[in-house]
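Work through the exercises below with the sequence and the coordinates side by side, and try each task before reading its solution.

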Amino acid sequence: SDTYTGADYDYFKFCTYYDKTYFCNGINGIDCVNYATGSAVITDVDTAGALTIETCRGLFMFKSRLHFVAPTIGSTFYPDRIYYTDVGTAKITNATQYYTYERDDVPVAYHAIDMNNELILGHSSSWRVEYTADTSTPFRCVTMDATYPCLAPHVVVEYQNPSAGRLIAMLSSTHIVACDGYQWRKIDWPIRDLPTEMAMRYLYYAQGTKAGDKESVYLTYPDTDDTYPTHLLEYNINENNWADHTCAMHCLQGISGEVPASDYSLTDGMIGRATSGYTYGGDRDGNLFRMDYGGSDNGTDIAFTAKSAALNPYHPQGRRAYLGWIEVYADNDSTASFTVKLYKDDLAVAYKTVLVSCSGAGERFWQRINVGGEIGTFHRIEIANTDSDNRPRIHAIVPWFKPGGLISTASGSSPDWPDNTWRLRTDSGVVYIQRKDSGVWTNYQTWGA
């Protein structure tokens, strides 16, 4: 086989076709691993027939044929063609066995997913490969809605939505969208401004994958000041929310289902045996990591802290709130725990700290945390964990309040309101939006003045 060359964005594309797996990078020759004899022997792929494909930008199998995206044939590059083989072989017996697609640039990379018996191709634009059942022209490529062009060719991720069925997530210049093969919809409304913080010109380095057996999708992206991915977005499919992590991964791959131990020869104790769905990531230094492993961060304790907003459901009635208890819905795990701290008003020191165990009954369970029954104008809840090999999975937190006494004021001020609190205030027909900093209210917007 050829020695692979090229730049760091010339990613390998591979496709399993019957008893062989084919590899290409768009620069060097196409190779395959032949499993017919039970051994992985690298051999050059043979497409001899009416023509010989020297290399291509991508490979995929569709309708029992091997398809070659943007091939080079006889030293001539055909960026707008996709050639296809005869059924069940890697040979092309007719030089006209190809179809074309509209393009606005050379597809340096792409990703293909079989959706509804058709194929979705995504790179700087998006196409749908349709099967026509016509023996002379069995395939055609149709340009999809150009409203959300796919700017990240490796962020084309299939996942199962509990209400909408199979969808494909893509990253465009303005939104993260999902497609059912025909229609698009935005799925990034909680983080709708985040694409403006991405380095759009380097999105060909971004990666996406379904996170093993977790109900999550992982997407990496470079910050506006970076070339390579520095962040990892986690999309919770069932709850339709997002988390943004600082995580520099150059490649990602989720593996679903049971995986025999013999399929892995990794000896790094951090990775271990892949006996169920895991997600792996590789950094630019050649290190391989399990992305869903909660034991440690490459040997360092994983610490997290989550804080709530200032809570008081009775504030509109001018009353303080009595916090009686908190109920938490978590996975049953006898090895997991977390710390809950309670704050009120402007106090910087927690009035209550509770270590909560995740040991309970059933797969998931509710447990009540008694927090002492403090009264305050506002309450804040903080959840923290600083231990290795400790991964609590918390799905819901419900605080239980009852009304307290009236909120006191002095000389027109509100001493019980904490700093960094916003309020809407009216005075003589003028409306103010104010924020409290260092005990002083500052006007940020005024109407009717």
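**Exercise 1. Determine what share of the chain is buried, and describe its overall make-up.**

Step 1. Of the 449 residues in the chain, buried residues make up 45%, where buried means under 20% relative accessible area, exposed means over 50% and partly exposed lies in between (1.4 Å probe, protein chains only). The model is a predicted one, in which local features need pLDDT of at least 70 and side-chain atom pairs count only at pLDDT 80 or more, while totals for chains, interfaces and linings use all residues. Residues are numbered from 1 along each chain as its sequence is written, and side-chain values use heavy atoms, with hydrogens and water left out.

Step 2. The accessible surface of the chain comes to about 22,400 Å², computed by the Shrake-Rupley method with a 1.4 Å probe, and 49% of this surface belongs to carbon and sulfur atoms.

Step 3. The chain has 34 strands and 0 helices; both are DSSP runs numbered from the N terminus, with at least two residues (E) for a strand and at least four (H or I) for a helix.

Step 4. Among contacts (heavy atoms within 4.5 Å) with a separation of 6 or more, 52% come from residues 24 or more positions apart.

**Exercise 2. Describe the hairpin of S1 and S2.**

Step 1. Strand S1 (residues 13-17) and strand S2 (residues 20-24) pair in the antiparallel sense over 5 bridges, pairing being assigned if DSSP finds at least two bridges between two strands.

Step 2. The covered face of S1 carries Lys-13, Cys-15 and Tyr-17, whereas Phe-14 and Thr-16 are on the uncovered face. Phe-14 has Phe-23 of S2 as its bridge partner.

Step 3. The hairpin has 2 residues between the strands, and Tyr-18 takes a positive phi near 55 degrees there.

**Exercise 3. Give the strand order of the open sheet that includes S15 and S16.**

Step 1. This open sheet of 4 strands has the order S14-S15-S16-S17, with antiparallel pairing. Strand S14 (156-161) and strand S17 (184-186) are the edge strands, each of which pairs on one side only. From one strand to the next, the twist averages 35 degrees, with axes taken as lines fitted to C-alpha atoms and angles running from 0 to 180 degrees between N-to-C directions.

Step 2. Within this sheet, strand S15 (residues 165-171) and strand S16 (residues 176-179) pair in the antiparallel sense over 4 bridges, and Ala-169 stands opposite Ala-178 in S16.

**Exercise 4. Find salt bridges that link separate strands, and state how buried or exposed their residues are.**

Step 1. The whole structure holds 6 salt bridges, each being a side-chain nitrogen of Lys or Arg within 4 Å of a carboxyl oxygen of Asp or Glu.

Step 2. One of them joins the side chains of Lys-307 and Glu-382 at 4.0 Å, N to O. Because Lys-307 lies in strand S25 (residues 304-307) and Glu-382 in strand S30 (residues 379-385), this pair ties together parts that are 75 residues apart in sequence. Lys-307 is exposed, with a relative accessible area of 63%, but Glu-382 is buried, at 9%.

Step 3. Glu-327 and Arg-368 meet through their side chains at 3.3 Å, N to O, linking strand S26 (residues 319-331) with strand S29 (residues 364-376) across 41 residues. Glu-327 counts as buried at 17% relative accessibility, while Arg-368 is partly exposed at 48%.

Step 4. Asp-331 and Arg-364 form a salt bridge at 3.1 Å, N to O. Since Asp-331 lies in S26 and Arg-364 in S29, the pair ties together parts 33 residues apart in sequence. Asp-331 counts as buried at 16% relative accessibility, and Arg-364 as partly exposed at 40%.
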